[in-house]
Amino acid sequence: MNISVKISVNGVLHEAEVEPRLLLAHFLRETCGLTGTHVGCETSVCGACTVLVDGQAVKSCTMFAVQADGTEVTTVEGLASNGEMHPVQEGFWECHGLQCGYCTPGMMMTAVQLLERNEAPSRDDIRHALDGNLCRCTGYTHIIDAVEYAAKKGRA
Amino acid sequence: MSTTTEKPPVTKSTQKYIGRAMKRVEDPRLLKGVGTYVDDVQLAGVVHAEFVRSPHANASIKSINTDAAKKLPGVIGVFTGADINEKAGTIPCASPLPGGKSPVHTVLAGSRVYFVGHPVAVVVAKTRAIARDALELVEVDYEPIPAVIDPEKALEKGSALTHPELGTNVAFTWGLAGGDVDAAFKEADRVFKLRILHQRVTPMAIEPRGCAASWHSGESSLTLWTSTQIPHLIRTLLPGMIGIPENKLRVVTPEVGGGFGSKLNLYSEEAVVSHLAMRLNRPTKWIEGRRENAAVTIHGRDQIGDHEVAIKNDGTVLAIRSNIIADIGSYLQLLTPAIPTLTGLMIGGCYKLKAVKVDITGVHTNKMSADAYRGAGRPEATYIIERVMDYVADELGLDPIEVRLKNMPQSGEFPFTTITGLQYDSGNYQAALEKAKELAQWPRLLKERENARAEGRLFGIGLSTYVEICALGPSKIMAAGGWEWGCVRIEISGKVTVITGATPHGQGQETSFAQIAADRLGIPIEDIVVLRGDTATAHFGRDTYGSRATALGGTAIAMSIDKIIEKTKTLAAALLEAAPADIEFAEGKFFVRGSEAKSIGWGQLASEAYVAKNLPPGFEPGLEASSFFEPPNCTFPFGTHICAVEVDRDTGQVKILKYTAVDDCGKQVNPLLIEGQVQGGIAQSLGAALMERTVYDENGQLLTGEFMDYAIPRALDIPEYALGSTETPSPSNLLGVKGVGEAGTIGATPCIGNAVIDALSPLGIRHVDLPFTPERVWRAIQEKGGTL
Ligand code: FES
Ligand code: FES
């Protein structure tokens, strides 16, 4: 039996009838066509699927679409505004914070939450904040540089 | 504190891109979330495949009942080996060794399964969810057979056999000998033995594998989108398997979410999905789940080595005699046998040994196949020889640096021919070591260790001076060609399209190749687009693995540009009313020697070349050239890594305090990308040193089947770095590039291993097996009573 949901994604309201077992990650990718949110494990370990649900970083593979009914979701596609990159995106670009780019959307969404909570994080704060996001390419150092860059830029 | 890296050399002109740390042109699409990975490829009417996989490591299949699955609404078909194997070929191994025995590797299991995850049947349904539901409805009646798991026991007489039809568990044997080993051992003052295990590891790219295929019935052609490092090799190998001509197959590599060798293969699923798309005449897609990725995408390493080392009392290492057992799992995948041979070839490291003898036995067990994982055979070799160097120092009471310096060739001795017959192209190992000592503040590090030890803390310093073999070619040593291809086209507008046969998947060659082309053509980098990863545009290619893309692919592009410049001189001469021999080219302009003021640029020349109204006699319209670069030799990057660690006596936890690396990858095109490769490589190596181990239990069940059970490094595990480099150009290509994709993975594990053993040495501990997990280290400490 399908259930109807209304979820606002990046400011656009999506109404759909969904299977109760549909994960939010798949809702975003398949129902909304927003494939920037990646799936790396489906078991809430890798963090590639991280999005913001009502401002909170959530691994979208741990949440059913029906649980997100009535919420406001921000995905990587919603980070830039008016064609301007978000400071976190800019940081990742400047500091070579991505190689294959698969973990990147989730990393950036986690970083956005961190910077909203702590505008001047130390490198160790950043390490702690990103500890639930796996990257197999970069070795994390450039990602930490990127978040530091974004923090500075955000304060400027 | 962030990574300290030396500043890249300042270049004279703003037009010089090579050597500059430039951010990547591929990033904006990835940062905005609009890059297309294979699961993002949209195909109208696509159907989804899921595989029924064996839960047993070894079993015969009594029966398969697909009736219930076929009846599930939304299911389009269920196919078993009996339905498909005849039509989808067998999985190829491109590097078989003479005398080796290999089982026939059908795409789906026949009457028996050989490893957990072995595909038995495939379900196709309208949605992925329905396909997954249908998996549960396929009934397979297995009769389990005791599994062959321990590779050493597998070699014992009377052992059960992984593949009974082969009559043995030995898949291949391979030997290498150089110098007079017996004489070297006779000459020795001392001989010691070391047993070194290199554990099995799982590559775990964050994007699992996946593919989608579309049959174009009008043209009788197939397009395969696949998350692979090797679209071109697949285009060579797959047509014969699925019964279409090579020129009816297009392979597209969209964005690839990490490879590390794990996507350097032609896998069953790619053949099955291609076959199904043709058979059903519907676009068919399969996306690997994480559990599948851990179980059925190749594993790496897994070697047991018994080594005997002959040394002189002054620290000279005379010879190594090694017996290596490689647990290769159930089947030979694309390069399975080649990997341990690389260990054999590189076992002497960057040292002048008098003799080497290596015997390798590849053993079949009921596990997933082992194949190329980042470093591929060289991390194992480096771990062996670098542990040996520390062992020698320990044995003789010498400084590990002195032992290394004593055995290294001098910079004047290059090209240096090793005792195993390799020719190391260029090197200055002492310079890299010296620089690393400086960056690591060596005397201070020694002082810190002394102080820490005085306080009873377990503080250790490790180093590794590695050399690796990269840019794999020439063709005579490669199964299917060791060249690389590139094409450059000056478009009619003067914009430039560069097409590479390499297949970057995160390394950033859309940027670094544009840097190479911009410098050589003398144009702004913004005018260049680099295309890759589609056999319809990159007509030839040998793809990306073995740190070969920039050294070989970059060179093919440079060669193509040189051809275009030569050709264009004729046209410029006609337009400038001069003789072609008098035309010079510099900074993007053609001019008559001595009168630079009157010059013509690419824009005007391109339009003349294509509009073709004023061409000199014999001038073929257009400005395009392509090249195959056949390298004369491999390249041999090298470097020195130094790290300091502290071991927690109570928990066995290893903490890396400071990590220094000086890598020499030849000429540097983009230092920022090189730094990224080094850091990423070190992180993977750190994983192998401290936490990663693929575990099968005695029944062949995979215990490390997902991220919850298989630890890869996280942000908190990563130390701060001091990174540096030396730049010794390779004489093997005109760019002088050597390659850097695997350096970190090769140099770091022995460096960390040596540091951990050094930290534990006051307790009398001389050896612990990889990986240095807290439990293993703690046990080693307990065995020694845990006290000084
Ligand atoms: S896909 Fe959600 S955490 Fe990995
Ligand atoms: S950039 Fe590839 S996984 Fe992070």
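**Exercise 1. Describe how the two domains of chain A are arranged and how much area they bury.**

Domain 1 of chain A and domain 2 of chain A bury about 1200 Å² between them, with 57% of that on carbon and sulfur atoms. Buried area is the accessible area (1.4 Å probe) that two parts lose on being put together, summed over both. The model is predicted: local features need pLDDT of at least 70, side-chain atom pairs count only at pLDDT 80 or more, and totals for chains, interfaces and linings use all residues. Residues are numbered from 1 along each chain as its sequence is written, chains are lettered from A and ligands numbered from 1 in the order in which they are written, and side-chain values use heavy atoms, with hydrogens and water left out.

Step 1: take the bounds. Domain 1 of chain A is 3–76 and domain 2 is 87–155; such bounds come from an automatic or database domain assignment.

Step 2: take the separation. Over C-alpha atoms, the centres of these two domains of chain A are 21 Å apart.

Step 3: take the contact (heavy atoms within 4.5 Å). Domain 1 of chain A supplies 18 residues and domain 2 of chain A supplies 15 residues.

**Exercise 2. Describe the packing of helix 5 of chain A against helix 3 and helix 2.**

Two packed helices are described by the angle between their axes and the distance between the axes. Helices (H or I, at least four residues) and strands (E, at least two) are DSSP runs, numbered from the N terminus. Axes are lines fitted to C-alpha atoms, for helices over the stretch in contact, and angles run from 0 to 180 degrees between N-to-C directions.

Step 1: start with helix 3. The axes of helix 3 (residues 104–117) of chain A and helix 5 (residues 141–155) of chain A cross at roughly 40° and come within 11 Å. Helix 3 of chain A is therefore oblique to helix 5 of chain A. Angles under 35 degrees count as roughly parallel, over 145 as roughly antiparallel, 65 to 115 as roughly perpendicular and the rest as oblique.

Step 2: list the residues. Helix 3 of chain A contributes A:Met107, A:Ala111, A:Leu114 and A:Leu115, and helix 5 of chain A contributes A:Ile143, A:Val147, A:Ala150 and A:Ala151. By class, the residues of this contact between helix 3 and helix 5 of chain A are eight nonpolar, no polar and no charged. Ala, Val, Leu, Ile, Met, Phe, Trp, Tyr, Cys and Pro count as nonpolar, Asp, Glu, Lys and Arg as charged, and the others, Gly among them, as polar.

Step 3: turn to helix 2. Helix 2 (residues 87–94) of chain A packs with helix 5 of chain A at an angle of about 135°, their axes 8 Å apart. Helix 2 of chain A and helix 5 of chain A are therefore oblique to each other. Among the residues in this contact are A:Phe92 of helix 2 of chain A and A:Tyr149 of helix 5 of chain A. The contact of helix 2 of chain A with helix 5 of chain A has eight nonpolar, one polar and three charged residues.

**Exercise 3. Describe the contact between chain A and chain B.**

Step 1: count residues. In this contact, 45 residues of chain A meet 57 residues of chain B.

Step 2: take the area. Chain A and chain B bury about 4400 Å² between them, 55% of it on carbon and sulfur atoms. On the chain A side, A:Trp93, A:Arg127 and A:Arg136 lose the most area to chain B, together 20% of what that side buries.

Step 3: look at one residue. A:Asp131 lies in the loop between helix 4 (123–129) and helix 5 of chain A. Not counting residues up to four places away in sequence, A:Asp131 touches B:Arg714, B:Ala715 and B:Leu716.

**Exercise 4. Describe the two domains of chain B.**

Step 1: take the bounds. Domain 1 of chain B is 423–470 + 635–788, and domain 2 of chain B is 483–629.

Step 2: take the separation and the contact. The C-alpha centres of domain 1 and domain 2 of chain B lie 41 Å apart. In the contact, 15 residues of domain 1 of chain B meet 17 residues of domain 2 of chain B.

Step 3: take the area. These domains of chain B bury about 1200 Å² between them, 65% of it on carbon and sulfur atoms. In domain 1 of chain B, B:Val669, B:Leu734 and B:Leu735 lose the most area to domain 2 of chain B, together 42% of what that side buries.

**Exercise 5. Locate two cis peptide bonds in chain B.**

Step 1: the bond from B:Phe414 to B:Pro415 is cis, with omega near -5°. B:Pro415 lies in the loop between helix 12 and strand 17 (416–417) of chain B.

Step 2: the bond from B:Leu770 to B:Pro771 is cis, with omega near -10°. B:Pro771 is in the loop between helix 19 (743–760) and helix 20 (774–783) of chain B.
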